[in-house]
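Student: I have a model open and would like to learn how to read it. Could you take me through it feature by feature?

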Amino acid sequence: MQLTSAQSSLIVVAIYVGFCLLELIRTRLFAKSEQSRHDGIIEIVSTFTLLIATQPAILLIVGALGHAWFPQYEGALAHAPWYAALALFLVFEDMMQYWWHRASHSTAWLYNLHRAHHNARYMSVRLVYRNNIIYYAMMPSIWFAGVLVYLGLGWFYAFYLIVKMAVIIGAHSDVAWDAPLYRIRALAPVMWVVERTISTPATHHAHHGRHADDPAVNYKGNFGNLLFFWDVLFGTAKITRSYPQSYGVENLPPATLGQQLLWPIFPENKDMHAVIPGAAPGTSEPHAVAAG
């Protein structure tokens, strides 16, 4: 069975809509605790820019460069076995995203590009594509995926993308699918493997936690996207099976709308006491994670 890119995209959309409905019913999708007026704008603009402009443009640019300079390699891997295709995508797409993400938390100028993703004071599927527009345009893993597609692995990318996005969407949602499974004793060995293999709500929520002194927080680790195994392998994993008390960033000045979407075109606010209309949370209700 082969999937077209359109079919793959429709399945991803269906998964996303499914989690949106869960949040709508259980955790108020459009009225998250501590959300601000800017949050919705950032999420809509960054999501649609990535899906409609940035990602298609990268695929087109890679294809055009390949046709111009390396026409002999177009489709060279089209008949590669699935396990070879999987290995290539895990290394050149998912592991590269791990290192890009990790670098974004250790390099100040990259963190300025990535901060929008962490500025939200809540977890939700709304955050999946929330980032600075330039951050995605520079993301190496998207460019490497384009190269692999040019080399003939588009047929595998269609399946891979469904699995990866299902994991990422589930890991960002505040309807924590993993929480009830931890309580089933018979599943303990299975969950031990699962939480060390893929990103789960518990491990990824830790990365979005606001305060470093919260035992469930690890915002300087847990960088994995599809595979949490990269964190285990490279020593940045923290597994607690619990969820942070609050989300967002600490000890940083408030960020403007322009800064979050298009820094460095718009300057970084460095005034800790600045009052930025639309940036302040509309409510200060405590956060709660829904356990599945």
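Tutor: Here is a short tour of cores, salt bridges, buried polar residues and a helix. Keep in mind that this is a predicted model.

Student: Let's start with the interior. Which residues touch the most other members of the largest nonpolar core?

Tutor: The general idea is that in soluble globular proteins, nonpolar side chains tend to be buried together. Here, the largest nonpolar core has 25 residues, and Tyr129, Tyr136 and Met165 touch the most other members. Two or more residues each come from helix 1 (5–26), helix 2 (37–69), helix 4 (108–119), helix 5 (133–138) and helix 6 (140–172). Helix 6 gives the largest share, seven residues.

Student: What does Tyr129 touch, not counting residues up to four places away in sequence?

Tutor: Tyr129 touches Val12, Ser46, Thr47, Leu50, Leu51, Tyr136 and Met165. Notice that Tyr136 and Met165 are the residues named beside Tyr129 for touching the most other core members. Apart from this core lies another, of 17 residues, which includes Ala85, Phe89, Leu153 and Val167.

Student: Now for charges. How many salt bridges are there?

Tutor: Side chains of opposite charge can pair when their charged atoms come close. In this model the count comes to 11 salt bridges. Take Asp174 and Lys32 as one of them: their closest N and O atoms are 2.9 Å apart. Asp174 sits in the loop between helix 6 and helix 7 (179–182) and Lys32 in the loop between helix 1 and helix 2, so the pair ties together parts that are 142 residues apart in sequence. Both Asp174 and Lys32 are buried.

Student: Which residue forms a salt bridge with Arg121?

Tutor: That is Glu34, with the closest N and O atoms 3.3 Å apart. Arg121 belongs to the loop between helix 4 and helix 5, and Glu34 to the loop between helix 1 and helix 2, so this pair ties together parts that are 87 residues apart in sequence.

Student: Is Arg121 buried or partly exposed, and is Glu34 buried or exposed?

Tutor: For this step you need the cut-offs: buried means under 20% relative accessible area, exposed over 50%, and partly exposed in between. Arg121 has a relative accessible area of 31%, so this residue is partly exposed. Glu34, at 13%, is buried.

Student: Where does Arg126 lie, and which residue does Arg126 pair with in a salt bridge?

Tutor: Arg126 lies in the loop between helix 4 and helix 5. Its salt-bridge partner is Glu43, the closest N and O atoms being 2.8 Å apart. Glu43 is in helix 2, and the pair links parts of the chain 83 residues apart. Arg126 is buried, with a relative accessible area of 12%, and Glu43 is buried too, with 6%. Look also at the network of salt bridges that links Asp39, Glu43, Arg126 and Arg130.

Student: What else is around the side chain of Arg126?

Tutor: A polar contact of 2.9 Å joins the side chains of Arg126 and Gln35. Leaving out residues up to four places away in sequence, Arg126 touches Tyr16, Leu29, Phe30, Ala31, Lys32, Gln35, Asp39, Gly40 and Glu43. Lys32 is the residue you met as the salt-bridge partner of Asp174.

Student: Asn131 caught my eye as well. Is Asn131 buried or exposed?

Tutor: Asn131 is at 3% relative accessibility and therefore counts as buried. Asn131 has its place in the loop between helix 4 and helix 5. Setting aside neighbours within four places in sequence, Asn131 is in contact with Ser46, Leu113, His114, Ala116, His117, Tyr136 and Gln260.

Student: Finally, how should I read a helix? Where does helix 3 bend?

Tutor: Start with length, then look for a bend, then ask what the buried residues pack against. Helix 3 (residues 82–104) has 23 residues and reaches 31 Å from its first C-alpha to its last, close to the 33 Å expected. The bend, of about 30°, is at Leu90. Buried residues of helix 3 include Ala85, Phe89, Leu90, Tyr98 and Trp100. The buried residues of this helix pack against helix 4, helix 5, helix 6, helix 9 (201–208) and helix 10 (229–234).

Notes
Residues numbered from 1 in each chain as written. Predicted model: local features only at pLDDT ≥ 70, side-chain atom pairs only at ≥ 80, totals over all residues. Heavy atoms only, no water. Core = buried A, V, L, I, M, F, W, Y, C linked by side-chain atoms within 4.5 Å. Buried < 20%, exposed > 50% of the residue type's maximum accessible area, 1.4 Å probe, protein only. Helix = DSSP H or I, 4+ residues; strand = E, 2+ residues; numbered from the N terminus. Contact = heavy atoms within 4.5 Å. Salt bridge = Lys/Arg side-chain N within 4 Å of Asp/Glu carboxyl O. Polar contact = N/O pair within 3.5 Å; in protein donor to acceptor, adjacent residues only side chain to side chain. Expected span 1.5 Å × (residues − 1). Bend = angle between axes of the 7 residues up to and from the residue.
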